Amino acid sequence: MGTYRYEVEILHLLVSPAHAYFGRARDGAADVPTTDADTVEVVGGKGIVGDRFFGKAAHMDAAVTLFAIESLEAIAAELGAGPFDPLLTRRNVVLRGAQLAPLLGHDFALESGGAVVRFHGGRHAQPCAWMNGMLAPGAHPAMRGRGGIRCRAVSGGLLHRGPAVLVSPVPLDPARAGEPSLLRPSRLP
């Protein structure tokens, strides 16, 4: 594993057995049980136990979503809104102090509560249009390029809320955690 170690904080661990937004354009967001857990169990090759993406063949390479809270804070500041509830973004692991986009295409680990859970950064977690209604008008385009990353769980273990260490094979800049990683449209008026 990499040689770069970054102290981060796991702020939220979201587990939801069903989709709240996907496929619901006409019906509105679903009222589904969502847990902000103190601890989650990650299973290698499957994801987070109890989550809507766990063990789903179509999502094996993107079963766990990591998100930097700094992105949400920057979006709120840009839109003059918020603070936003990070659970509304439906990201599984919400971190503070983690620049995530450079991890795409790489194996990395989160050390949490004595466990080491390994992931592979698969792709950007693109936001859905629901963000305009759930967070604020303009949140959908503002979140593009900084919606986090979707990952494959390479190994299993327990993740705990609280202090953690992000072990990366590439250098990261935690001060840039809230910056967009892709070109995105400018904010709508």
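Two strands are said to pair when DSSP finds at least two bridges between them. Keep that in mind as you walk through this predicted model, because the first stop is a pair of strands joined by such bridges.

**Stop 1: the β7-β8 hairpin**

Select β7 (107-112) and β8 (115-124). These two strands pair in the antiparallel sense over 6 bridges. Now pick out Glu 111 and look across to β8, where Val 116 stands opposite. Follow the chain from β7 into β8 and you will find a hairpin with 2 residues between the strands. Gly 113 sits in that turn with a positive phi of about 60°.

Next, add β11 (162-168) to your selection. β7 also pairs with β11, again in the antiparallel sense, over 4 bridges. Stay on Glu 111: its bridge partner in β11 is Val 165. Glu 111 therefore has a partner on either strand, Val 116 in β8 and Val 165 in β11.**Stop 2: the whole chain**

Zoom out and colour by secondary structure. The protein has 3 helices and 11 strands. Along the sequence, they follow the pattern β-β-β-β-β-α-β-β-β-α-α-β-β-β. Of the 189 residues in the protein, 47% are buried. Contacts across the sequence are worth a look too: among those between residues at least 6 apart, 78% join residues at least 24 apart.

**Stop 3: a three-stranded open sheet**

Show β3 (residues 39-43) together with β4 (47-48) and β10 (157-160). The 3 strands form an open sheet in the order β4-β3-β10, with antiparallel pairing. β4 and β10 stand at the edges with a single partner strand each, so one side of each has no neighbour in the sheet. Between β3 and β4 there are 2 bridges. To see where the strands face each other, select Val 42, which stands opposite Ile 48 in β4.

**Stop 4: the largest nonpolar core**

Which residues have the most contacts inside the largest nonpolar core? Select Leu 66, Val 93, Leu 95, Leu 110, Phe 119, Leu 159 and Leu 166; the core as a whole has 32 residues. The elements that give two or more residues to this core are β1, β3, β5, β6, β7, β8, β9 and β11. β1 provides the largest share, 5 residues.

Centre the view on Leu 66. Beyond its neighbours within four places in sequence, Leu 66 is in contact with Val 93, Leu 95, Leu 100, Phe 108, Leu 110, Gly 147, Gly 148, Ile 149 and Cys 151. There is also a second, separate core of 15 residues, which includes Ile 69, Leu 79, Phe 84 and Ala 136.

**Stop 5: Leu 11 in β1**

Move to Leu 11, which has its place in strand β1. Is Leu 11 buried or exposed? Its relative accessible area is 18%, under the 20% cut-off, so Leu 11 counts as buried. Draw a distance from its C-alpha atom to that of Leu 95: the two are 84 residues apart along the chain, yet separated by 5.6 Å. Leaving aside neighbours within four places in sequence, the contacts of Leu 11 are Ile 69, Val 94, Leu 95, Arg 96 and Arg 161.

**Stop 6: helix α1 and the loop after it**

Select helix α1 (residues 69-79) and show its side chains. Its buried residues are Ile 69, Glu 70, Ser 71, Leu 72, Ile 75, Ala 76 and Leu 79. They pack against β1 (4-15), β5 (64-68), β6 (93-96) and α3 (139-143). Just after α1, look for Gly 80, which takes a positive phi of about 60°.

Carry on to Arg 90, in the loop between α1 and β6. Most residues other than glycine have a negative phi. Arg 90 is not a glycine, but has a positive phi of about 65°. With a relative accessibility of 8%, Arg 90 counts as buried.

**Stop 7: His 140 in α3**

Now select His 140, which lies in helix α3. His 140 counts as buried, at 14% relative accessibility. Which residues is His 140 in contact with, leaving aside its neighbours within four places in sequence? Show Pro 127, Cys 128, Ala 129, Met 131 and Asn 132.

**Stop 8: the second largest pocket**

Finish by turning on the surface. The second largest pocket has a volume of about 220 Å³. To find this pocket, select Leu 100, Ala 101, Gly 145, Glu 179 and Ser 181, which lie nearest its centre among the 18 lining residues. By class, the lining has 8 nonpolar, 7 polar and 3 charged residues.

Key. Residues numbered from 1 in each chain as written. Predicted model: local features only at pLDDT ≥ 70, side-chain atom pairs only at ≥ 80, totals over all residues. Heavy atoms only, no water. Buried < 20%, exposed > 50% of the residue type's maximum accessible area, 1.4 Å probe, protein only. Contact = heavy atoms within 4.5 Å. Core = buried A, V, L, I, M, F, W, Y, C linked by side-chain atoms within 4.5 Å. 1 Å grid on protein atoms, 1.4 Å probe; cavity = no way out; pocket = protein on both sides within 12 Å on 5 of 7 lines; lining within 4 Å. Points joined across faces, edges and corners; volume = space filled by probe spheres on them. Nonpolar A, V, L, I, M, F, W, Y, C, P; charged D, E, K, R; others polar.
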